[in-house]
Amino acid sequence: MSTFARHIGIDYSGAEVATSSLRGLRVYSTEGDVSPTEVPPPTSPRKNWTRKGIAEWLVERLSEDVPTLVGIDHGFSFPLRYFEVHWLLPDWPAFLDDFQRHWPTDSANTYVDFIRDGVVGNGAARMGNSRWRRLTEERAGRAKSVFHFDVPGSVAKSTHAGIPWLRFIRQQLGPRVHFWPFDGWDIPVGRSAVAEVYPALWSHGFARDHRDSHQHDAFCIAAWLSRADRDGALAAFLKPNLTSNERAVGQVEGWILGVG
């Protein structure tokens with residue numbers, strides 16, 4: 001029996017600004033055992049989703065009385081080394097606030113590169129190093145550092161663009177949504193949850209059909225979450241085999257769902 005009634009997969013993009021219509025932002029959803037279908041953006045002059053639009057849509061969906069698991073393809077936090085270098089408490093909610101103050105990528109007309117270049121914000125006071133990797137990235141093998149910009153397959157820009165919107169969703173919904181594993185490795189029964197995912201773990205296991213790469217990644221996220229929930233594998237992935245110290249690290253750095 002599934003824990004969640006609905007599964008949503010989101011392929012993310014850190015390009016342009018929060019209100020830009022981006023082909024790289026894709027959303028797929030499924031309920032029950034049906035194949036995920038693409039969710040179009042709300043009717044507007046914009047052809048594709050915007051980061052702001054996705055965050056607002058998620059707030060609406062997660063406000064419904066439908067236990068939902070959302071997988072989003074970007075990093076949710078930074079390596080412990082970042083917290084140490086910048087003298088930050090190992091506390092994820094406090095990190096969200098501190099990051100958004102320095103990297104306000106949810107603000108109007110703000111590109112990630114504007115902050116990197118010092119035009120807006122204060123990114124220079126909260127920089128990382130591409131050699132720093134989270135424990136979950138090391139375990140995943142091919143996953144790149146959240147600070148590894150300007151290379152193929154990088155998640156650095158999408159991570160820096162997406163984290164402030166996690167904060168927005170959390171502020172809007174409070175305890176109604178569980179951010180895994182920051183709010184705990186155990187998700188309360190009946191609660192909706194949001195988790196970091198890495199679709200490269202699963203994309204080769206599903207036929208590509210007519211989808212482009214962004215659509216396929218979002219499809220695979222929703223499809224894998226749904227299948228793993230129905231066949232019982234999800235419960236094990238939500239409780240990876242980690243030491244107590246590794247679990248403590250994961251509640252600060254985050255964890256990629258599906259990494260053992």
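Which helix gives the largest share of the lining of the largest pocket? Keep that in mind while you load the model; we get there at stop three.

This is a predicted model, in which local features need pLDDT of at least 70 and side-chain atom pairs count only at pLDDT 80 or more, while totals for chains, interfaces and linings use all residues. Residues are numbered from 1 along each chain as its sequence is written, and side-chain values use heavy atoms, with hydrogens and water left out.

**Stop one: the sheet**

Switch to a cartoon view and pick out the strands. Helices (H or I, at least four residues) and strands (E, at least two) are DSSP runs, numbered from the N terminus. Two strands count as paired if DSSP finds at least two bridges between them. Go across the open sheet and you should meet six strands in the order β3-β2-β1-β4-β6-β5, with mixed pairing. β3 (37-38) and β5 (177-179) sit at the edges with a single partner strand each, so one side of each has no neighbour in the sheet.

Now select 6-11 and 26-31. These are β1 and β2, running antiparallel and joined by six bridges. Look for G9 opposite Y28, and for I10 with its bridge partner V27. Stay on β2 and add β3: this pair is antiparallel too, over two bridges, with Y28 opposite E38. The two strands make a hairpin with five residues between them, and G32 in the turn has a positive phi of about 70 degrees.

**Stop two: strand β6**

Select 192-196. Is β6 enclosed or not? Five of its five residues are buried, so β6 is largely enclosed by the rest of the structure. Here, buried means under 20% relative accessible area, exposed means over 50%, and partly exposed is in between (1.4 Å probe, protein chains only). Turn the strand to check both faces: S192, V194 and E196 lie on one side, A193 and A195 on the other, and all are buried.

β6 pairs in the parallel sense with β4 (68-72) over four bridges, and I72 stands opposite E196. With β5, β6 is again parallel, over three bridges; H178 has A193 as its bridge partner.

**Stop three: the pockets**

Rolling a probe the size of a water molecule over the atoms shows where empty space is left. On a 1 Å grid over the protein atoms alone, a cavity is a set of points where a 1.4 Å probe fits but cannot get out, and a pocket is an open set with protein on both sides within 12 Å along at least five of seven lines; lining residues have an atom within 4 Å of a point. Grid points are joined across faces, edges and corners, and a volume is the space filled by probe spheres set on the points.

The largest pocket holds about 630 Å³ of space. Show D73, G153, S154, V155 and S158, the closest to its centre among the 32 lining residues. Then colour α6 (156-173) and α7 (213-231), which each supply at least two lining residues. And the opening question: α7 gives the largest share, three residues.

For the second largest pocket, of about 210 Å³, select lining residues including T3, F4, W185 and K239.

**Stop four: the cavity**

There is one cavity of 30 Å³ or more, and the largest has a volume of about 50 Å³. α1 (51-63) and α6 are the elements that give two or more residues to its lining. Among the lining residues are Y12, R51, I72, H74 and W165.

**Stop five: the core**

A nonpolar core is a set of buried Ala, Val, Leu, Ile, Met, Phe, Trp, Tyr and Cys residues joined through side-chain atoms within 4.5 Å. Select I10, I72, F78, Y82 and F95, which have the most contacts inside the largest core, of 45 residues. α6 gives the most to this core, with seven residues. Zoom in on F95: leaving out residues up to four places away in sequence, F95 touches F76, S77, F78, Y82, F83 and I163. Another core, of 32 residues, lies apart from this one and includes L69, L135, A143 and I256.

**Last stop: R126**

Select R126, in the loop between α4 (112-116) and α5 (135-140). Is R126 buried or exposed? At 13% relative accessibility, R126 counts as buried. Contact means heavy atoms within 4.5 Å. Setting aside neighbours within four places in sequence, R126 is in contact with Y82, H86, L88, D98, H102 and W103.
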